[in-house]
Amino acid sequence: MELSGQVWLSNPQQAGVVSSPNGTQAVDRAARLLTEVVHAPGSVTFTELAAATGLAKSTTSRLLLALERNGLVRRDDAGRFRPGEMFVRFAWRGGAEAGLTEVAQPYLDRLGEATGETVNLGVGRDGVVEQIAQVDSVYVIGATNWLGREVPLHCTAIGKVLLACGAAKLPAGRLERRTEQTITGRAALEAELAAVRERGYAVIDGELEPGLVAVAAPVYRDGGAVVAALSVSGPGTRLTPPRIADVAAACMTQARGLSAVLGHRPGGTAPPARAQAQGEGAA
C-alpha cells in the first residue's frame, strides 16, 4: 500500500516506512550536479550543468536551489556555480589555507570597487606578513604590487591585526624601524594592539613607508580563530583621516562576509588573545 509517496510494508516484522524510489532518484540527481560543480576546473554555469547531467532545466534549478540552501554550492557575482561553504569549512578543519584566496576573491573585488584603493589579503608566516592575494588600485599612484613581499608584523595594518588577535607572534629582538613613525617599543606596541582589539580594525600612517596609509580588519574561521586580515592601502593624500572611518567600515564588512563563508558565527567565540608584545628585545 502506498501512502503520500512512501511505501508501507505489509509484513509486521518489517513494519515502518522506507524511502520511495523517487526520493533516491532525487538524491542521485543532486549528487550528479554536485559532482559536476566540484570537478569543474573553475566556476560552471547553469546551462553547462543542465547539459552535462542531461537533466531538465526545471529539475536542475530546483536541485541547485536545494544544494545552495544547504551550503553545498554557491554562486559567484556572475551567477556561476562553485563548491559551497561546507567544502570550504571541511578544508579548513585542519587549519590549512587551501582555497582561501579563491574563496576570498569576491570580497577583495567588492572592497576594491568600493574604495578604489589597493586591497590585500595577508597571513602571518614565520614572523612576517605574507600577502597572498591582491586587487590593484585604480590609481597610478599607490598601485604597488605587494604579492610575494614579506613585510614586518609590527608596522603593517595586517600585522597589527594578526598580533592583536593572537594569530601571529613577534620575532625575538629589536623591532625594525622602517620610518620615523614606526613603533619600535614593545610596550607602546602593546598599547596600540589593545586599541586595535577595542575598535576592531588596525591603522598605520607612514609606519611602513613614508606617506603610506593602510587599514585592516580580521578574518575569522569557525571556532573564532583569526586566520588572515583584509586590508586597504593607499597614499595619505587619498586616505585622509576623515576618509579612514568609511574605509575601515567597508573593510570590516567584507572581512565579516568572508569570515561567514569560513564558518565563523559571531557571538559564540571567546575574545581575541592578547599579543606577546612585551618580552625579549624590548626597546
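These questions and answers walk through a predicted model.

Student: How many salt bridges does the count come to?
Tutor: The rule asks for a side-chain nitrogen of Lys or Arg within 4 Å of a carboxyl oxygen of Asp or Glu. By this rule the count is eleven.

Student: Which residue forms a salt bridge with glutamate 130, and how far apart are the closest N and O atoms?
Tutor: Glutamate 130 is partly exposed, at 26% relative accessibility. Its partner is partly exposed too, with a relative accessible area of 31%. That partner is arginine 125, and the closest N and O atoms are 2.8 Å apart.

Student: Lysine 160 forms a salt bridge with glutamate 207. How many residues apart in sequence are the parts that this pair ties together?
Tutor: The closest N and O atoms of lysine 160 and glutamate 207 are 2.8 Å apart. Lysine 160 lies in helix H6 (residues 157-164), while glutamate 207 lies in the loop between strand E9 (202-205) and strand E10 (212-220), so the pair ties together parts that are 47 residues apart in sequence.

Student: Are lysine 160 and glutamate 207 buried or exposed?
Tutor: Buried means under 20% relative accessible area, and exposed means over 50%. Lysine 160 falls in the first class, and glutamate 207 does as well: both are buried.

Student: Which residues are joined into one network by salt bridges that share partners?
Tutor: Lysine 160 and glutamate 207 already form one salt bridge. Shared partners bring in Glu192 and Arg199. The network is Lys160, Glu192, Arg199 and Glu207.

Student: Arginine 199 lies over the face of which residue?
Tutor: For a charge to sit over a ring, CZ of Arg must be within 6 Å of the ring centre. Arginine 199 lies at 5.2 Å from the ring centre. The ring belongs to tyrosine 201.

Student: At what distance from the ring centre of tyrosine 107 does arginine 110 lie?
Tutor: Arginine 110 lies over the face of tyrosine 107. The distance from the ring centre is 4.7 Å.

Student: How many aromatic pairs does the structure hold?
Tutor: Ring centres must lie within 6.5 Å to pair. The number of aromatic pairs in the structure is zero.

Student: Where does serine 137 lie, and which backbone atoms lie 3.1 Å and 2.9 Å from a polar atom of its side chain?
Tutor: Serine 137 is in the loop between strand E7 (128-135) and strand E8 (150-152). Its relative accessible area is 9%, so serine 137 is buried. At 3.1 Å from a polar atom of its side chain is the backbone oxygen of glycine 116. At 2.9 Å is the backbone nitrogen of tyrosine 139.

Student: Which residues make the nonpolar surface patch of about 230 Å²?
Tutor: One of them is methionine 86, found in helix H4 (residues 85-91). Methionine 86 counts as partly exposed, at 39% relative accessibility. The patch is made by Val38, Met86 and Phe87.

Student: What is the phi of aspartate 126?
Tutor: Aspartate 126 is found in the loop between strand E6 (118-125) and E7. At 78% relative accessibility, aspartate 126 counts as exposed. Although aspartate 126 is not a glycine, its phi is positive, at about 55°.

Student: How far apart in space are proline 210 and threonine 182?
Tutor: Proline 210 sits in the loop between E9 and E10. Its relative accessibility of 73% counts as exposed. Proline 210 and threonine 182 are 28 residues apart in sequence, and C-alpha to C-alpha they are 9.9 Å apart.

Methods: Residues are numbered from 1 along each chain as its sequence is written. This is a predicted model: local features need pLDDT of at least 70, side-chain atom pairs count only at pLDDT 80 or more; totals for chains, interfaces and linings use all residues. Side-chain values use heavy atoms; hydrogens and water are left out. Rings of Phe, Tyr and Trp (its six-membered ring) pair if their centres lie within 6.5 Å; planes under 30 degrees apart count as stacked, over 60 as edge-to-face and the rest as tilted. A charge sits over a ring if NZ of Lys or CZ of Arg is within 6 Å of the ring centre and within 35 degrees of the ring normal. Helices (H or I, at least four residues) and strands (E, at least two) are DSSP runs, numbered from the N terminus. Buried means under 20% relative accessible area, exposed over 50%, partly exposed in between (1.4 Å probe, protein chains only). A polar contact is a pair of N or O atoms within 3.5 Å; within protein, one must be able to donate a hydrogen and the other to accept it, and residues adjacent in sequence count only if both atoms are side-chain atoms. Patches are made of residues with over 30% relative accessible area and no salt bridge: like charges are joined within 9 Å, nonpolar side chains (Val, Leu, Ile, Met, Phe, Trp, Tyr) within 5 Å. Accessible areas come from the Shrake-Rupley method with a 1.4 Å probe; for residues, only the protein chains shown count as cover.
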